[in-house]
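Reader: Before accepting the labels attached to a model, I should like to see the reasoning behind them. Could the structure be shown, so that we may go through them in turn?

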Amino acid sequence: MNTTVKIDSFHKALLSLILQNKYVRNNILMGDKLAGEIEIHDDGSIRIYTKQRKFKWLCVIFGDFVDKSFRDLALTLIDVIAGPDNSSNKRNFDGMTREFMKNAVRKLNYEYVIDMLFDVLRVGVRDGEYTSKYLADPEDEQYQREHSSRVGTFSRMRGYALLNSGEPLGDVELFIKRP
């Protein structure tokens with residue numbers, strides 16, 4: 001089985017954007033050193049330089065670099081992007097880990113994993129500096145308490161309905177029977 005995987009230039013650029021994110025960059029540590037310049041290779045692996053030198057070969061001679069395989073990098077990014085351990089972030093972590101195992105390990109589809117990491121970083125971060133106040137997870141307990149109330153065996157919720165034709169139905173009140 002050939003395990004050499006190449007990622008295209010578009011996905012290298014996406015990975016570069018992920019690694020340029022201030023939150024991600026500050027949380028990728030090599031021991032006690034912060035990441036400096038990052039070099040992305042065609043197989044998705046990276047070389048992180050920990051010192052700024054005029055010539056990169058000086059970093060190599062003095063050992064001021066760390067090489068990470070794509071799999072190690074992806075697992076580190078999953079951990080960083082998922083954020084602190086709470087119920088919402090645990091769901092993100094578990095989902096990203098499952099997708100990583102299915103696509104990177106079994107199918108060797110690294111590009112899918114890069115897309116996933118980029119999308120979750122872009123819209124899925126729920127804690128910290130990159131939290132979006134415009135994202136509301138309907139499964140979130142606080143969201144449920146604020147936006148629904150129990151009516152007998154049904155839960156009442158308010159929502160905005162959009163028909164398949166694209167016509168807006170507007171603000172509606174939904175009654176959902178809980179099992």
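Author: The exchange below takes several labels and sets each against its cut-off. The model is a predicted one.

Reader: Why is the contact of Asp42 and Lys12 called a salt bridge?

Author: The label requires a side-chain nitrogen of Lys or Arg within 4 Å of a carboxyl oxygen of Asp or Glu. For Asp42 and Lys12 the N to O distance is 2.9 Å, so the pair satisfies the definition. The pair joins distant parts of the chain, with Asp42 in the loop between strand 3 and strand 4 and Lys12 in helix 1, 30 residues apart.

Reader: What makes Asp42 partly exposed?

Author: Buried means under 20% relative accessible area and exposed means over 50%. Asp42 has 40% relative accessibility and therefore counts as partly exposed.

Reader: Which label does Arg47 receive at 19% relative accessibility?

Author: Since buried means under 20%, Arg47, at 19%, counts as buried. The side chain of Arg47 meets that of Asp67 in a salt bridge of 2.7 Å, N to O. Asp67 has a relative accessible area of 44% and is therefore partly exposed.

Reader: How do you know that the buried residues of helix 1 line one face?

Author: Those residues are His11, Leu14, Leu15, Ile18 and Leu19. Seen down the axis of helix 1, they fall within an arc of 135°, so they line one face. The face turned away from that buried side carries the exposed residues Ser9, Phe10 and Gln20.

Reader: How do you know that the length of helix 1 agrees with its number of residues?

Author: At 1.5 Å a residue, the 12 residues of helix 1 should span 16 Å; the end C-alpha atoms are 16 Å apart, and the two values therefore agree.

Reader: Why is the aromatic pair of Phe70 and Tyr110 called stacked?

Author: Ring centres must lie within 6.5 Å to pair, and planes under 30 degrees apart count as stacked. The centres of Phe70 and Tyr110 are 4.3 Å apart, with 20° between the planes, so both conditions are met. Phe70 belongs to helix 4 and Tyr110 to helix 6, 40 residues apart. Both Phe70 and Tyr110 are buried.

Reader: What makes Glu99 and Lys102 a salt bridge?

Author: The closest N and O atoms are 3.5 Å apart, and the cut-off is within 4 Å, so the label applies. Glu99 and Lys102 both lie in helix 5, 3 residues apart, about one turn of the helix.

Note on methods: Residues numbered from 1 in each chain as written. Predicted model: local features only at pLDDT ≥ 70, side-chain atom pairs only at ≥ 80, totals over all residues. Heavy atoms only, no water. Helix = DSSP H or I, 4+ residues; strand = E, 2+ residues; numbered from the N terminus. Expected span 1.5 Å × (residues − 1). Buried < 20%, exposed > 50% of the residue type's maximum accessible area, 1.4 Å probe, protein only. Arc of directions from axis to C-beta. Phe/Tyr/Trp six-rings, centres within 6.5 Å; stacked < 30°, edge-to-face > 60°.
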